[in-house]
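Q: Hey, could you walk me through this structure? I'd like to take it one piece at a time.
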Protein chains: 2
Amino acid sequence: MVKKRVTAKEIARELGISVMTVSRALNNRPNVDEETRHKVINTARRLGYVPNGIAKSLVMQKTFTIGVVVPEITHSFFPEAIRGIEEVTSKSGYHLILTHSAEDAARESDVLHLLERQRVDGILISKAQTVEKDEVYEQLVRQRLPVVFFDRCVQGIGVNCVSVNDEEGAKEITEHLIVVHRYPRIAHLSGPQHVSIGEARLRGFKIALQSRDWPFYEGLVVEAGFHESGGYSAMTKLLEMPPEQRPRAVVAVNDPAAFGAMKAIQDWGLKIPQDIALVGFSDDIRSELMDTPLTTVHQPAYEVGKKAAEKLVAVIEGTSSGIEEIVVGTQQVIRNSCGCNLESNWPG
Amino acid sequence: MVKKRVTAKEIARELGISVMTVSRALNNRPNVDEETRHKVINTARRLGYVPNGIAKSLVMQKTFTIGVVVPEITHSFFPEAIRGIEEVTSKSGYHLILTHSAEDAARESDVLHLLERQRVDGILISKAQTVEKDEVYEQLVRQRLPVVFFDRCVQGIGVNCVSVNDEEGAKEITEHLIVVHRYPRIAHLSGPQHVSIGEARLRGFKIALQSRDWPFYEGLVVEAGFHESGGYSAMTKLLEMPPEQRPRAVVAVNDPAAFGAMKAIQDWGLKIPQDIALVGFSDDIRSELMDTPLTTVHQPAYEVGKKAAEKLVAVIEGTSSGIEEIVVGTQQVIRNSCGCNLESNWPG
DNA sequence: TTGTATGCGTTATCAT
DNA sequence: ATGATAACGCATACAA
């Protein structure tokens with residue numbers, strides 16, 4: 001025999017008034033006698049009344065819920081970003097339904113439908129790696145469901161987006177290898193090309209070489225994906241080349257890929273940066289702790305989450321100023337793996 | 001002029017049948033002519049019908065939603081645990097409302113009320129540090145809202161709980177320092193004593209000393225909290241003691257606290273483990289990457305999340321076998337900071 | 001200031 | 001096999 005939850009009706013009955021007066025009193029609406037309001041509030045407390053958000057959502061046609069879709073939840077970038085999102089949305093009175101696509105297109109499509117069914121007021125999404133067609137997203141846009149992409153964006157379907165300056169970041173870190181260190185034969189461990197950050201970072205890499213008149217070798221671009229294992233195997237391919245063709249420096253699409261590359265280089269009996277220099281992207285929490293601390297590009301994940309959430313809330317509440325592609329700046333973090341600060345590694 | 005969402009009523013009107021038949025057809029209920037079912041499914045697809053989960057929840061008195069409350073979202077333990085939770089719940093058809101208390105009692109109370117208003121079917125919670133009174137939790141229990149604690153538990157209020165074997169883990173790692181290394185004067189950087197893991201680990205520490213007839217010094221137990229900064233200042237207090245009273249080895253309540261202690265010891269010009277040995281707890285992703293890799297206790301975070309979610313779903317669906325305190329085993333990870341494997345640090 | 005009728009979108013129940 | 005009606009808990013619109 002489970003005790004049922006107390007509703008506004010019970011409060012009304014208890015006080016011999018109508019449900020409407022109870023509703024008005026509890027929601028601080030005008031046209032309620034102060035005394036009745038007090039009585040309502042008191043008996044509500046006494047009875048342990050908790051308003052039913054579901055019923056409220058149904059009648060208000062608004063859930064105050066935002067759906068979040070991330071491809072990975074362990075990866076350090078996303079927890080940070082989620083913290084930024086949570087900070088903003090909770091202040092605006094929204095709460096989050098968290099879902100994760102596990103980098104899988106089918107699963108992403110599933111969770112998006114779930115969020116639609118739950119009538120979320122808006123969606124924040126970072127695209128899964130394996131998604132090839134943007135149809136699912138276009139459908140959301142057609143339904144006029146507010147959507148903001150973050151980190152992994154989709155271009156050309158008229159949707160808001162907050163990302164880091166991937167192209168510029170990749171360009172600058174590559175230029176560092178060219179201008180400061182003058183390494184010949186610079187390679188790139190690339191991300192999947194149908195994911196915006198994979199594509200943008202390769203572009204930045206190429207632009208750097210081009211603008212500095214540095215040679216570009218098609219064979220030195222190898223797809224590695226976003227994880228350590230992919231970095232390891234991609235780097236191994238480069239190491240299997242004849243020594244005179246092997247890269248002298250490597251730009252990895254992100255830090256995990258760089259970690260994999262580090263391991264491959266060490267397994268091959270070579271030293272970083274003396275034999276092969278290496279830089280990453282994302283400033284993973286582990287980067288500064290590697291045997292040779294990794295030179296990388298810092299991504300302000302918290303900032304990205306925050307900006308994306310702010311934009312989404314603005315769209316939902318109708319105060320948004322049109323469709324934007326917001327870009328958050330990155331910062332170079334120069335450590336040792338590029339060849340800088342080498343003396344600090346030597347004892348006394 | 002926003003196009004309204006299509007409802008079951010539209011489908012019914014379109015086909016000249018009743019809403020009930022539509023509902024039955026769409027939910028694979030019996031007593032529907034196969035032909036009508038097909039027609040319903042087709043026009044539903046054609047019209048882009050998406051069932052309203054809110055309305056469904058209201059009438060079914062069930063939301064298929066689980067609330068998750070974590071004290072920290074960046075800390076590496078919780079993203080892992082959440083992944084375990086997500087894995088289980090999504091398979092059972094539930095989705096997650098994620099909230100975070102930021103280790104703050106007031107905020108935790110707020111989000112719990114939010115989850116109540118949203119009529120979640122159950123709650124998974126890891127207690128915030130600053131919560132002193134368990135009243136809020138007891139209230140949830142009284143409402144018969146299914147609750148399972150994970151990692152940071154609350155005892156004695158008759159609620160399910162999944163945690164790692166904190167006492168045993170702390171005892172074993174302390175015994176390692178005693179039995180293998182025979183260090184005199186072993187200190188403990190403790191966690192807050194009103195948090196279960198803080199209390200259990202101190203207990204394990206004491207039991208180890210006791211059962212091995214090893215001296216216990218009250219002054220060598222200093223509260224450090226769970227973060228790096230607390231570890232640093234607590235360790236500093238120990239270092240300020242006269243050298244002959246200073247600990248020869250330190251058991252930190254968790255890895256971040258140990259990192260802080262490492263820094264303090266280094267800043268003091270002392271070496272780990274030659275001058276002071278140190279062990280942590282949690283096997284943070286950074287632990288193996290420290291200058292002196294940290295000996296620690298591995299916590300299976302994914303496993304904890306998974307087990308907690310499984311228990312909660314069982315409680316919700318009425319298949320639970322009574323109140324349990326499930327304990328997941330830990331594993332010692334012996335690296336160098338305790339004094340083991342020292343030769344591997346020396347060059348060739 | 002307060003109350004009544006109506007609707008939000010769905011399912012349960014009882015008819016037909 | 002199908003339909004009519006009520007109900008879930010609340011808020012809007014209008015009447016009193």
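**A sheet, some helices and two DNA strands**

Q: Let's start with a strand pair: which residue stands opposite Val221(A) in β7(A)?
A: That's His188(A). Keep in mind that this is a predicted model.

Q: OK, and in which sense do β6(A) and β7(A) pair?
A: They're parallel, with 3 bridges between β7(A) and strand β6, which covers residues 186-190 of chain A.

Q: What's the strand order in the open sheet of chain A?
A: The order is β7-β6-β8-β9, so to speak reading across its 4 strands, and the pairing is parallel. At the edges you find β7 (221-223) and β9 (277-279) of chain A, each pairing on one side only. From one strand to the next, the twist averages 20°.

Q: Which strands of the sheet does α9(A) touch?
A: α9(A) packs on the sheet and touches β6, β7 and β8 (249-252) of chain A. The direction of α9(A) makes about 170° with that of β6(A).

Q: What about α9(A) and α8(A), at what angle do their axes cross?
A: Roughly 40°, and the axes come within 7 Å. Here α8 is residues 166-180 and α9 is residues 196-211, both in chain A.

Q: So what do you call that arrangement of α8(A) and α9(A)?
A: The two helices are therefore oblique to each other. Their crossing is right-handed.

Q: Which residues meet there, between α8(A) and α9(A)?
A: There's a long list, so here are some: Gly169(A), Thr174(A) and Ile178(A) are among those from α8(A), and Ala200(A), Phe205(A) and Leu209(A) are among those from α9(A). By class, the contact has 8 nonpolar, 3 polar and 7 charged residues.

Q: Switching to chain B: how do α1(B) and α2(B) cross?
A: Their axes cross at roughly 110° and come within 8 Å. α1(B) and α2(B) are therefore roughly perpendicular to each other.

Q: And which residues of α1(B) meet α2(B)?
A: Ala8(B), Lys9(B), Ile11(B) and Ala12(B) do, and they meet Val19(B), Val22(B) and Ser23(B) in α2(B). That contact counts 5 nonpolar, 1 polar and 1 charged residues.

Q: Now the two chains together. How many residues of chain B are in contact with chain A?
A: 33 residues of chain B, and they touch 33 residues of chain A. On the chain B side, α4, α5 (77-91), β2 (95-100) and α6 (105-117) each give two or more residues.

Q: Which of those elements gives the most to that side of chain B?
A: β2(B), with 6 residues. This β2(B) also pairs with β2 (residues 95-100) of chain A, in the antiparallel sense over 3 bridges. Within that pair, Ile97(A) stands opposite Ile97(B).

Q: Last topic, the DNA. Which residues come nearest to DNA strand C?
A: Ser18(A), Thr7(B), Ala8(B), Ser23(B) and Asn52(B), out of 25 residues around that strand. α4(B) gives the most to the surface near DNA strand C, with 5 residues.

Q: And which come nearest to DNA strand D?
A: Again there are 25 residues around it, and Thr7(A), Ser23(A), Asn52(A), Asn31(B) and Val59(B) come nearest. For DNA strand D, α4(A) gives the most to the surface, with 5 residues.

Q: How does the surface near DNA strand D divide by class?
A: Into 13 nonpolar, 8 polar and 4 charged residues. The surface near DNA strand C has 13 nonpolar, 8 polar and 4 charged residues.

Note on methods
Residues are numbered from 1 along each chain as its sequence is written. Chains are lettered from A and ligands numbered from 1 in the order in which they are written. This is a predicted model: local features need pLDDT of at least 70, side-chain atom pairs count only at pLDDT 80 or more; totals for chains, interfaces and linings use all residues. A residue is near a molecule or strand if its C-beta atom, placed from the backbone, lies within 6 Å of it. Ala, Val, Leu, Ile, Met, Phe, Trp, Tyr, Cys and Pro count as nonpolar, Asp, Glu, Lys and Arg as charged, and the others, Gly among them, as polar. Two residues are in contact if their C-beta atoms, placed from the backbone, lie within 7 Å. Two strands pair if DSSP finds at least two bridges between them. Axes are lines fitted to C-alpha atoms, for helices over the stretch in contact, and angles run from 0 to 180 degrees between N-to-C directions. Angles under 35 degrees count as roughly parallel, over 145 as roughly antiparallel, 65 to 115 as roughly perpendicular and the rest as oblique. A crossing is left-handed if the near helix is turned anticlockwise from the far one by less than a right angle, and right-handed if clockwise.
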